Amino acid sequence: MRTLVTLRPPGADEVVLVAEDGYWSEPDAGPIDEAYETHGLWALPGLADAHAHLSADEMTLTPGDPDEIRRRAFACVQAGVFLALDKGWGDDAVLRLFDEPPDRRPDLEAAGRMIATPGGYYPGFAEEVDEEQLADAVARAASRRGGWVKIVGDWPRRGEGPRVNFSFEALEAAVRIAHAAGARVAIHTMAREAPSMAVAAGVDSIEHGLFLTEDDLAALAGRGGMWVPTLLRMEAVRDELREGSSGRRLLGEGLANVAALLPVAERLGVTVLAGSDLAVPARRVAAEAARLAEVGLSPVAAVAAVSHAAFAATGRDVGFRPGFPADAVFFDRDPTEDVGILGRPALVLRRGRRVPAD
Ligand SMILES: [Zn+2]
């Protein structure tokens, strides 16, 4: 089956390709069996969720259910989300998604079970290790097939406020060990101190990062590091905290810092990425991109944050060229002029086939 498809990426020329056996090929290479009516639409090679938790739609603290994970993964494909970076859970259930075919799930990278200290996260949820045990825990996590290790960098202690979980030296060693095993490191940090420490230690992706500094951004930009602010999630956490509490004040300050930093990050060329992080289901990560545009990114950067930038940062060469996977998400309007349209694709093609809407 050879299907003719017209593809117009925002800001670029229209191309006409044929989807055949899941890959793009040149239209003149043989007879055409059918054509999709995509002329006049705008196309992206897929959306990406850089901070997903496919094990749940909210913070349930329960084990991942393989059937539910598969259901959420297919819902991502239906929404045009073709890459999910799962930033960890209380178990490794999400790693079984690698056994599913690519038309049933997004391309996946996943951290499996997170790593924290005793008292440094929800009790018993992450693997809890002390400073001296971190290196071994990271080596084990990096040897799983997900490609990521997720460390909880800071966490509030009752009556004390947020505390850093691991030292700079421990984080630096963790990064070295993970990289040697071919894995990347992501760190959860919402408070002060840990983000700068993590950037200096070489951590690949800063999750939330409410208290990053301009110097941190310059360092991240220089080495292709990622920042996933998860604005919708941070705003939801702030709103759940009691009015006038120190936690709510801290998150408010952090969110103001993020708003001030987003244009700086864009100017410096930092890889800012959109992540759903349970604020919305992973398939609705487009809402986070829209929020990034409202708060401080240009529309072009917000679209990149939920598409190209995530593919590029994880070493994926995607695009509308012969030989590449025939993946495309189509929109009625140019998303770089209307970021909100990202949540309402007109047509989704995964490996050359139309994906039925949910
Ligand atoms: Zn998260």
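Me: What makes residues of domain 1 and residues of domain 2 count as being in contact in this structure?

Reply: In this predicted model, 15 residues of domain 1 are in contact with 19 residues of domain 2, and each such pair qualifies because the C-beta atoms, placed from the backbone, lie within 7 Å. Domain 1 covers 2–43 + 319–354 and domain 2 covers 47–313, while the centres of the two, taken over C-alpha atoms, are separated by 30 Å.

Me: How do you know where the largest nonpolar core lies with respect to the two domains?

Reply: That core has 122 residues, and those with the most contacts inside it are I115, V149, A289 and A305. Since domain 1 and domain 2 both give residues to this core, the conclusion is that it lies between them. As for one of those residues, A305 touches V272, L273, A274, A289, L292 and L297, leaving aside residues up to four places away in sequence.

Me: Why does the distance between the ends of helix α7 agree with its number of residues?

Reply: Helix α7 runs over residues 246–268, so its 23 residues at 1.5 Å a residue should span 33 Å, and the end C-alpha atoms are 32 Å apart, which agrees. Even so, α7 bends by about 35° at L261, with a proline, P263, following within four residues. Just after the helix, G269 takes a positive phi of about 85°.

Me: Why are residues such as L250 and V258 of α7 called buried?

Reply: Buried residues of α7 include L250, L251, G254, V258, L261 and L262, and the term applies because each has 20 or more other C-beta atoms within 10 Å of its own. Among the elements that cover the buried residues of α7 are α5 (214–222), α6 (231–240), α8 (286–295) and α9 (299–305). In α6, the buried residues are L231, L232, R233, M234 and V237, and they pack against β15 (205–208), α7 and α8.

Me: What makes β5 and β18 a pair of strands?

Reply: Two strands pair if there are at least two bridges between them, and 3 bridges join β5 to β18 (residues 328–331), so the condition is met, with the two strands running antiparallel. Within this pair, L44 has V329 of β18 as its bridge partner.

Me: Why are β5 and β20 called edge strands?

Reply: The open sheet has 4 strands in the order β5-β18-β19-β20, with antiparallel pairing. Both β5 (42–44) and β20 (353–354) pair on one side only, and that makes them the edge strands.

How values were computed
Residues numbered from 1 in each chain as written. Predicted model: local features only at pLDDT ≥ 70, side-chain atom pairs only at ≥ 80, totals over all residues. Core = buried A, V, L, I, M, F, W, Y, C linked by C-beta atoms within 7 Å. Buried ≥ 20, exposed ≤ 12 C-beta atoms within 10 Å, placed from the backbone. Domains from an automatic or database assignment. Contact = placed C-beta atoms within 7 Å. Expected span 1.5 Å × (residues − 1). Bend = angle between axes of the 7 residues up to and from the residue.
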